[in-house]
Amino acid sequence: MRNAGVMNRSQETSAHRIVVGVDGSEASKVALKWAVRQAELTGAALQVVTAWHYPAMIGGYGWAPVSMVEIPNFDEIAEKVVRDAVTEVVGPQSGVHVSTTVSQGNAAQALLDAAKGADLLVVGSRGHGGFS
């Protein structure tokens, strides 16, 4: 799990914090926009979370050995999805402190783990943007 931001763990537990799940879908961007507004109203910090996992077909494509298949860097792709969503939705005018978390694994579990000690967990009504 990778955290980008300047808050340390003791600050996260003592400060108000809103966790929002983002997968690049329009629904997740709407959730992010709502969470930003809520953070502005309450003075909470915002933690934007995404998770990814290797697709089932990563072991090869029938005739091609694994060594011949170029495996994308899913961690970098997920980081770009989060960075792009934050740039698009939050904007430079917001005074909200935003940190991001990108983790490998089940999205629901990543959100539950990140939400421990948070004031609020926000998710969109639909998922499956760039990552399932």
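## Trp-34 and helix H2

In which helix is the place of Trp-34? In this predicted model, Trp-34 belongs to helix H2. With a relative accessibility of 46%, Trp-34 counts as partly exposed, since that class lies between the buried limit of under 20% and the exposed limit of over 50%.

Which residues is Trp-34 in contact with, leaving aside its neighbours within four places in sequence? They are Leu-120 and Val-122. Val-122 is 88 residues away from Trp-34 along the chain, yet the C-alpha atoms of the two are separated by 8.4 Å. Leu-120 and Val-122 fall in strand E5, which covers residues 120-122.

## Strand E2 and its two partners

Strand E2 spans residues 17-21, and five of its five residues are buried, so the strand is largely enclosed by the rest of the structure. Arg-17, Val-19 and Gly-21 point one way from E2, while Ile-18 and Val-20 point the other way. The residues of both sets are buried, the arginine included.

E2 is joined to two strands. Strand E3 (residues 45-52) runs parallel to E2 and is connected to it by five bridges. Two of the pairings can be named: Val-19 has Gln-47 as its bridge partner in E3, and Val-20 has Val-48. Strand E5 also runs parallel to E2, with three bridges between them. Here Ile-18 of E2 stands opposite Leu-120 of E5, and Leu-120 is also one of the contacts of Trp-34.

Helix H2, residues 26-42, comes between E2 and E3 in a right-handed β-α-β unit.

## Strand E3 and its link to E4

Is E3 mostly covered or mostly open? Eight of its eight residues are buried, so by the under 20% limit for a buried residue E3 is mostly covered. One side of the strand carries Ala-45, Gln-47, Val-49 and Ala-51, and the other carries Leu-46, Val-48, Thr-50 and Trp-52. Both faces are covered.

Besides its bridges to E2, E3 has seven bridges to E4, and these two strands run parallel. Val-49 of E3 stands opposite Thr-101 of E4.

## Helix H4

Helix H4 runs from residue 107 to 115, and its buried residues include Ala-110, Leu-111, Ala-114 and Ala-115. They cover an arc of only 125 degrees around the axis, which puts them on the same side of H4. Among the elements that cover the buried residues of H4 are E2, E3, E4 (98-104) and E5.

At the start of H4, Asn-106 places a side-chain oxygen within 2.9 Å of the backbone nitrogen of Ala-108. After the helix comes Gly-117, with a positive phi near 80 degrees.

## Salt bridges

How many salt bridges does a search of the whole structure find? The search finds five. Side chains of opposite charge can pair when their charged atoms come close.

In helix H2, which also holds Trp-34, Glu-40 forms a salt bridge with Arg-37, and their closest N and O atoms are 3.6 Å apart. These two residues are three places apart in H2, so they are separated by about one helical turn. An α-helix has 3.6 residues a turn, so residues three or four places apart point the same way. Both partners are partly exposed: Glu-40 has a relative accessibility of 39%, and Arg-37 has a relative accessible area of 47%.

Helix H3 (residues 74-89) holds the pair Asp-84 and Lys-80, which are four residues apart, about one turn of the helix. The closest N and O atoms of this salt bridge are 2.6 Å apart. Asp-84 is partly exposed at 37%, and Lys-80 is partly exposed at 43%.

Lys-116 forms a salt bridge with Asp-113, with 3.7 Å between the closest N and O atoms. Lys-116 counts as exposed at 59% relative accessibility, whereas Asp-113 is partly exposed at 33%. Elsewhere, Glu-26, Lys-29 and Glu-88 are joined into one network by salt bridges that share partners.

Technical notes: Residues numbered from 1 in each chain as written. Predicted model: local features only at pLDDT ≥ 70, side-chain atom pairs only at ≥ 80, totals over all residues. Heavy atoms only, no water. Buried < 20%, exposed > 50% of the residue type's maximum accessible area, 1.4 Å probe, protein only. Pairing = 2+ DSSP bridges. Right-handed = clockwise from strand over helix to strand, strands pointing away. Arc of directions from axis to C-beta. Contact = heavy atoms within 4.5 Å. Polar contact = N/O pair within 3.5 Å; in protein donor to acceptor, adjacent residues only side chain to side chain. Salt bridge = Lys/Arg side-chain N within 4 Å of Asp/Glu carboxyl O.
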